[in-house]
Amino acid sequence: MTRILLLGGTTEASRLAKALADAGADAVFSYAGRTNNPTQQPLPTRVGGFGGVEGLEAYLNAENITHVIDATHPFAAQMSMNAVAACANTGVSLCAFEREAWTPDAADDWQFVPDMAGAVAALPDDPTRVFLAIGRQHIADFAVKPQHDYLLRLVDPPEGALPLPNAEAVVARGPFTVADDTGLMENHGTQLIVAKNGGGLGARAKLDAARALGVPVIIIDRPAIAPRTILRSVDEVMGWLPHSARRGV
């Protein structure tokens, strides 16, 4: 029998969850629990961490999981590395359903940096209006550059005061359109964007808006993950699964 653990949190994971549900596959959808109101899924759902590699191994064994699909965000590096280790230790099959990284066009003004510290270091010294499109986890890293006026876009309202003295938070859930992000940046007077190279279409709009407005972008490279099978589409993932999983047997 095939039993699947789908590590989710992305639009790709939601699309795959629907395909698995439509096929009648025996699958569990897992959320990390970092947002207050995650999207409802058509599969049995668990929320929260596993407790590191050992905790994930225990879950895989207890739930008789045979296949893990890592469809987490490309920057959820710890979860992805835990999945690689836990699956190797338990003999569970693993694939990553991962979006292609963004690449610039000739008209884009992008500066690539290796990590969050590199993004902070790349900010100019002069006060600048910065659209900090990185989520909420690393906002405090930018407190060492308090001279800038930051625009934040968050899925959930911030808990308590923001760690930046000059910051405005917009609470919104994507996907966003180019018109949405063009208007947001024009209203803020954005002069620079900082973004993770998450890839995909849902968060691409800010980059297209930046190109149209002539706004430069600092792009943070994806973290390195141990080698694993990487698939790019729902069809590829469904084809990777055993026939029994695709027939709901």
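Start by selecting R153. At 13% relative accessibility this residue counts as buried, because the cut-off for buried is under 20%. Keep in mind that the model is predicted.

**Stop 1: R153 and its partner**

Add D181 to the selection. The side chains of R153 and D181 form a salt bridge, with 2.6 Å from N to O. Now colour the two elements involved. R153 belongs to strand β8 (residues 149–154) and D181 to helix α5 (residues 178–188), so the salt bridge ties together parts 28 residues apart in sequence. Is D181 buried or exposed? D181 has 1% relative accessibility, so it counts as buried.

**Stop 2: strand β7**

Stay with β8 and bring in strand β7. β7 and β8 pair in the parallel sense, over four bridges. To find one contact, select V130: its bridge partner in β8 is Y150.

Next, show strand β10 (residues 192–196). β10 runs parallel to β7, and four bridges join the two. Here, select A133, whose bridge partner in β10 is A195.

Why is β7 described as largely enclosed by the rest of the structure? Four of the five residues of β7 (residues 129–133) are buried, so the description fits.

**Stop 3: D105 and R211**

Move to another salt bridge. D105 and R211 meet through their side chains, at 3.0 Å from N to O. Trace the chain between them: D105 sits in the loop between β5 and β6, R211 in helix α6 (residues 205–213), and they are 106 residues apart. Switch on a surface here. D105 is partly exposed, because its relative accessibility is 44%. R211 is partly exposed as well, since its relative accessible area is 28%.

**Stop 4: R228 and E98**

Go back to the loop between β5 (93–97) and β6 (110–113), and select E98 there. Which residue forms a salt bridge with E98 at 3.0 Å? The partner is R228, and the 3.0 Å is the distance between the closest N and O atoms. R228 lies in the loop between β11 (217–220) and β12 (229–231), 130 residues from E98, so follow the chain to see how this pair links distant parts, as the loop positions show. R228 and E98 are both buried.

Widen the selection to D70, E100, R222 and R232. Together with E98 and R228, these residues are linked in a network of salt bridges. Across the whole structure there are 15 salt bridges.

**Stop 5: the cavities**

Keep R228 and E98 selected and turn on a cavity display. Rolling a probe the size of a water molecule over the atoms shows where empty space is left. How many cavities of 30 Å³ or more does the structure hold? There are two.

Begin with the largest cavity, which has a volume of about 60 Å³. R228, E98 and D70 are among its lining residues, along with A71, T72, H73, P74, S80, A96, F97 and I225. This lining divides into five nonpolar, three polar and three charged residues.

Then find the second largest cavity, which holds about 30 Å³ of space. Select T10, E12, A71, T72, P74, F97, E98 and R99 to show its lining. The lining of this second cavity has three nonpolar, two polar and three charged residues.

End the tour on E98. This residue is in the salt-bridge network, in the lining of the largest cavity and in the lining of the second largest cavity.

Key:
Residues numbered from 1 in each chain as written. Predicted model: local features only at pLDDT ≥ 70, side-chain atom pairs only at ≥ 80, totals over all residues. Heavy atoms only, no water. Salt bridge = Lys/Arg side-chain N within 4 Å of Asp/Glu carboxyl O. Buried < 20%, exposed > 50% of the residue type's maximum accessible area, 1.4 Å probe, protein only. Pairing = 2+ DSSP bridges. 1 Å grid on protein atoms, 1.4 Å probe; cavity = no way out; pocket = protein on both sides within 12 Å on 5 of 7 lines; lining within 4 Å. Points joined across faces, edges and corners; volume = space filled by probe spheres on them. Nonpolar A, V, L, I, M, F, W, Y, C, P; charged D, E, K, R; others polar.
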